[in-house]
Amino acid sequence: MSRDQAAALAGTAGGLLGVAAGLTAAVWGDRLGAWAGDKQDPTTLGLFTVALSAVALAGALLLLRDRGAGPGWRAAVGAGLLLPGLLGFTTVGRLWWIPGALLVLAAGSTVCVAPRAVGRAVRDRWAGVLTAALGACLVLVAVDASAPLVAVAAVSGGLVAAAPWVARGPRRLATAMLLAGTLPFAALTWWTLVTPAIALLSLTAGFTALRTSGPD
Amino acid sequence: MLHSAGIGALTVAVTGTGMLSYRAYDNRVLGADGGAAFDAWRHWRDDAGPRGVLAAAVLAASPHNTQPWLFHLSGDDRIELHADLSRRIGSVDPYACETHVGLGCALENLALAAHARGLEPRITLRPEPGRPSLVAPADLTKATQQHSPLYDAIGYRHTNRGPYRDRPIDTAVLTDLAALADDPRASVIWVTTRAGRDDLGDLMIRAARAVTEDEQQSRENFAWFRGSADAIEKHKDGLTLDGQGLSAVVTSAAKLMPATSRTSGDAFWVKQTRTVHTATATVYGLVLVPDRYDPLHQLTGGRLLERIHLAVTARGLALQHMNQITERIDRDRSQGRDPVFGPPLAALADRAGGDGRQVLAAFRLGHPVRPGRRSPRRPATQVLR
């Protein structure tokens with residue numbers, strides 16, 4: 001079994017167990033106490049964990065399908081396994097211990113096939129990575145808000161996070177995604193002070209990423 | 001080289017923004033009243049039976065939002081209101097005057113909610129003098145359903161500590177509000193003249209400063225401040241940043257900054273009292289009773305206070321409870337000291353038509369610049385015994 005196959009297997013198992021952990025927390029979280037992290041709102045966090053696990057599962061399946069792809073792709077899959085793997089530790093308590101460990105292991109294994117090349121790919125697209133992180137910040141800020149605002153934040157964050165990675169398409173599309181992802185939400189919630197700051201940085205990091213992105 | 005430095009600076013800035021974003025999430029800069037601590041405001045009309053009566057009662061005003069009540073439900077025809085004296089604010093309320101005023105407020109909501117459900121509540125205040133925790137049993141009998149604007153206002157009634165507009169309140173409105181007093185033991189008078197408002201405002205500022213300079217009172221006040229979303233969700237009571245009547249931008253900035261200390265919170269309160277609360281008060285109201293240390297008078301005065309607050313809410317006006325003067329009067333009394341604030345307050349009340357009655361509670365009225373915000377609440381299920 002190759003290292004990629006082992007990573008994909010661990011990632012798939014972690015993703016499936018993560019979905020089960022999320023559903024368990026969503027349905028029985030109130031009664032599980034510390035096992036589900038003693039959360040105030042285990043239902044929402046459980047469903048959020050299911051979504052995180054689905055992302056990790058998709059990463060693991062991609063790894064199985066596209067073995068041997070470039071270091072940039074490998075870095076993206078590694079991040080898709082690692083970030084849900086780490087975030088889950090804050091959402092459903094002990095239920096995440098096994099899926100989380102499996103996902104972190106899978107991410108490490110994915111990157112370790114070509115660590116230098118992956119490191120170089122990340123460094124080359126660092127501004128894009130920062131922009132994606134800022135997209136996640138937009139979503140994080142609005143997690144507790146009303147449903148319409150959460151929806152706007154999710155779309156905005158998604159647009160910001162994805163913009164640097166569509167740079168190989170028409171540049172105008174990436175620019176439009178950055179502007180649409182930052183300005184309306186910042187204008188809608190200017191009084192929070194945080195969202196305008198995120199918007200400003202997103203535009204700076206995003207345009208830097210677009211300017212520096214070259215052929216993969 | 002320049003590019004690397006720029007990327008490095010960007011990385012630092014993004015890291016800082018990430019931490020700020022987490023703080024914004026953790027302190028609910030967006031969606032401040034979306035948590036379970038505010039569910040009571042969203043679901044208070046859901047239950048058509050006696051439990052729905054309790055759901056309305058827990059939304060009443062109380063000192064520092066301590067919610068000093070417990071309820072006992074016997075079948076579908078009797079609700080007992082009990083005092084939870086463990087929630088009294090120590091040296092701030094040494095004689096439980098404010099606690100009983102809050103219980104009176106809950107009793108008023110209870111009565112309004114019972115009427116709205118076609119139930120007539122027969123309320124007996126303190127039926128067993130040897131059992132002071134039993135505040136008032138209410139026997140419920142079937143009656144004609146009575147909806148009132150006061151009942152409808154229960155879910156919108158919030159203490160508004162923000163600035164009020166420089167617009168007078170109609171005399172007819174004040175007359176209508178005063179007419180809400182239906183028990184001879186409690187009445188309300190208004191301080192409307194510029195001189196009267198200035199004198200009362202000065203006294204309030206001095207009393208606020210005295211409270212903050214009294215370490216025990218300051219500490220026991222601060223114990224009811226909930227400075228984080230976690231604390232709000234855990235306790236579901238107390239005072240919050242969102243309830244301070246600040247602008248949205250200032251509230252956000254305060255939530256993003258490190259938690260406030262007791263002394264800076266005290267300084268903030270005195271400053272707000274001077275620059276906002278007294279500076280923009282259009283009218284002061286004083287609830288009067290014959291004896292402010294008589295629990296029956298406190299409960300009756302509390303019912304009137306809640307009724308006024310609901311009527312004010314129904315008219316789109318704002319109200320803020322301001323009890324620092326009476327808190328200092330009680331503090332001096334409990335310490336056996338010469339009264340500092342009692343005589344000037346009594347003189348002020350007499351000038352406004354107090355007729356020798358004692359001031360039980362004080363508040364200001366006005367047209368709000370911005371709406372009041374919800375305060376955290378323990379749901380009825382949590383206070384049912």
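A crossing of two helices is called left-handed if the near helix is turned anticlockwise from the far one by less than a right angle. Keep that in mind for a helix pair in chain A of this predicted model.

The pair is α7(A) and α8(A), and their crossing is left-handed. Helix α7 covers residues 147-162 of chain A, and helix α8 covers residues 171-188. They pack at an angle of about 145 degrees. Their axes lie 7 Å apart.

Which residues of α7(A) and α8(A) make the contact? From α7(A) come V152(A), A153(A), S156(A), L159(A), V160(A) and A162(A). From α8(A) come M177(A), L178(A), A180(A), G181(A), T182(A), F185(A) and L188(A). Sorted by class, this contact has ten nonpolar and three polar residues. It has no charged residues.

Now step back to chain A as a whole. Its domain assignment gives two entries: domain 1 spans 3-123, and domain 2 spans 125-212. The C-alpha centres of these domains of chain A are 23 Å apart.

Next comes the partner chain. How many residues does each chain bring to the contact between chain A and chain B? Chain A gives 27 residues and chain B gives 25. On the side of chain A that touches chain B, the elements giving two or more residues are α6 (126-141) and α9 (194-212). The largest share of that side comes from α6(A), with eight residues. By class, the side of chain A that touches chain B has 19 nonpolar residues, six polar ones and two charged ones.

Technical notes: Residues are numbered from 1 along each chain as its sequence is written. Chains are lettered from A and ligands numbered from 1 in the order in which they are written. This is a predicted model: local features need pLDDT of at least 70, side-chain atom pairs count only at pLDDT 80 or more; totals for chains, interfaces and linings use all residues. Two residues are in contact if their C-beta atoms, placed from the backbone, lie within 7 Å. Helices (H or I, at least four residues) and strands (E, at least two) are DSSP runs, numbered from the N terminus. Ala, Val, Leu, Ile, Met, Phe, Trp, Tyr, Cys and Pro count as nonpolar, Asp, Glu, Lys and Arg as charged, and the others, Gly among them, as polar. Domain bounds come from an automatic or database domain assignment. Axes are lines fitted to C-alpha atoms, for helices over the stretch in contact, and angles run from 0 to 180 degrees between N-to-C directions.
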